[in-house]
Amino acid sequence: METGKTVKEKNEVLTLKKFEEACEAVGRVTLDTELIYSDYFSEQTGGKVYLKPENMQRTGAYKVRGAYYKISTLTQEERERGLITASAGNHAQGVAYAARECGAKAVIVMPTTTPLIKVNRTKALGAEVVLHGDVYDDAAAHADKLAEENGYTFIHPFDDPDVATGQGTIAMEIIKDLPLVDIILVPVGGGGLATGVSCLAKYLKPNVKVIAVEPEGAACLKASFEAGKVVTLPVVNTIADGTAVKTPGSRIFPYLQKNLDEIITVPDQELVTAFLDMVENHKMIVENSGLLTVAALRHINCRDKKVVSVLSGGNMDVITMSSVVQQGLILRDRIFTVSVLLPDKPGMLHRVSGLIAQANGNVIKLEHNQFVSINRNAAVELRITLEAFGTQHKKEIISILEKNGFKPRLVKTRS
């Protein structure tokens, strides 16, 4: 019996006909994520910026598209053998949901470090979850082993032309909603989404520019393009866990080479501030990988262009969310800490707090250290964590303290 790893792949060429079939199939299970015009990002960039909110898709990400189309192309015998994949996040839930809709058994191998909420969501969609290994690579190796032993059909997260075709249905919807689109920004991990979107976009509108966006700490596709072949990064380090991939897909790499116009990378720090922008201006939760295309807006020339940023997903646990919000406020100078040395005399704290209030600063936390000096009459330390409106307001608060004889010293704010 053929195992999931050795099943002969069908329909490997991404043709327009197959994209049409995928759109019809995927449309049966996906939500209509209509483009959202962004006044905020349009004003920031000088272009007309639209968001493709796949964070609002079923299971919270685009992955259900490729999973469902792939499963729809399988034979009845391949489905009846059961499906298996490895994933710590969106692909797991996409396969679980698609398998349930197709009436197939799904086994999902997830790293033992996967947050419990993601494990429970995958189980709730009807999948059997197997926890194995500390990282995705460990889980994937174990999934291969189980496929060999049990004859399961393996559904690869990205390196599969059928999966990429399903993901590419996003391009059909974008061009339908915005026929005159100039630039499509798409996030990249292994490359399945970028393959499908760039390929179909070029079929439908050859002059459209498709730009792939990677995290700076996991730029495997950029490295592969520069080498002219698929390469493996020695290590990846990024908060964009959904795109923290060491090696892009080898089977889809030729399509990426042919259809992508450019690859750009963005640092994690910009993802943090992009999260803040999305929450405050669009009231939407977008995971770090989905924010790559938002951060990328500042790296390209958008002026007088119609630009679509694909928001690939919105599955973020609340602990990560809390950390990202706080770091974003710090990076935007909306939270900062200053240290002030002052004599240990009655009324000094009142004087300092009065000056801060005069500058409309809001005190979040105070730390009073009487042991910074042997001579307390000479100096005690007051550390003040403040909320401000931004960089200019921060400077005004520091200035008013300096003008009144204090010497505030900026302290790295603890997250």
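**Entry 1: a sheet and its strands**

I began with one residue pair and found that N362 stands opposite E387 in β13. The model I am reading is a predicted one. I then looked up the strand pairing around this position: β12 and strand β13, residues 380-387, pair in the antiparallel sense over seven bridges. I reminded myself that strands of a sheet pair through backbone hydrogen bonds, either parallel or antiparallel.

Next I traced the sheet as a whole. I recorded an open sheet of four strands in the order β12-β13-β11-β14, with antiparallel pairing. I noted β12 (362-369) and β14 (409-411) as the edge strands, since each of them pairs on one side only. From one strand to the next, the twist averages 30°.

I also asked which helix packs on this sheet. I found helix α17, residues 391-403, which touches β11 (335-342), β13 and β14. The direction of α17 makes about 5° with that of β11.

**Entry 2: E381**

I returned to strand β13, because I wished to know whether E381, which lies in it, is buried or exposed. I entered E381 as buried, because its relative accessibility is 9% and the cut-off for buried is under 20%.

I then looked up the partners of its side chain. A polar contact of 2.7 Å joins the side chains of E381 and S339. I listed a further polar contact, at 3.0 Å, between the side chain of E381 and the side chain of R383.

**Entry 3: two helix pairs**

I turned to the helices, noting that two packed helices are described by the angle between their axes and the distance between the axes.

How do helix α13 and helix α15 cross, and at what angle? I found that the axes of α13 (residues 268-282) and α15 (residues 318-331) come within 8 Å and cross at roughly 100°. I therefore recorded α13 and α15 as roughly perpendicular to each other. On the α13 side I listed Q269, V272, T273, F275 and L276, which meet M321, V324, V325, Q327, G328, L329 and L331 in α15. I sorted the residues of this contact into eight nonpolar, four polar and no charged.

For the second pair, I looked up helix α5 (residues 90-102) and helix α6 (residues 116-124), whose axes come within 8 Å and cross at roughly 10°. That makes α5 roughly parallel to α6. I noted that A92, Q93, A96 and R100 of α5 make the contact with R121, T122 and A124 of α6. By class, I entered three nonpolar, two polar and two charged residues for the contact of α5 with α6.

Methods:
Residues numbered from 1 in each chain as written. Predicted model: local features only at pLDDT ≥ 70, side-chain atom pairs only at ≥ 80, totals over all residues. Heavy atoms only, no water. Pairing = 2+ DSSP bridges. Helix = DSSP H or I, 4+ residues; strand = E, 2+ residues; numbered from the N terminus. Axes fitted to C-alpha atoms, helices over the stretch in contact; angles between N-to-C directions. Contact = heavy atoms within 4.5 Å. Parallel < 35°, antiparallel > 145°, perpendicular 65-115°, else oblique. Nonpolar A, V, L, I, M, F, W, Y, C, P; charged D, E, K, R; others polar. Buried < 20%, exposed > 50% of the residue type's maximum accessible area, 1.4 Å probe, protein only. Polar contact = N/O pair within 3.5 Å; in protein donor to acceptor, adjacent residues only side chain to side chain.
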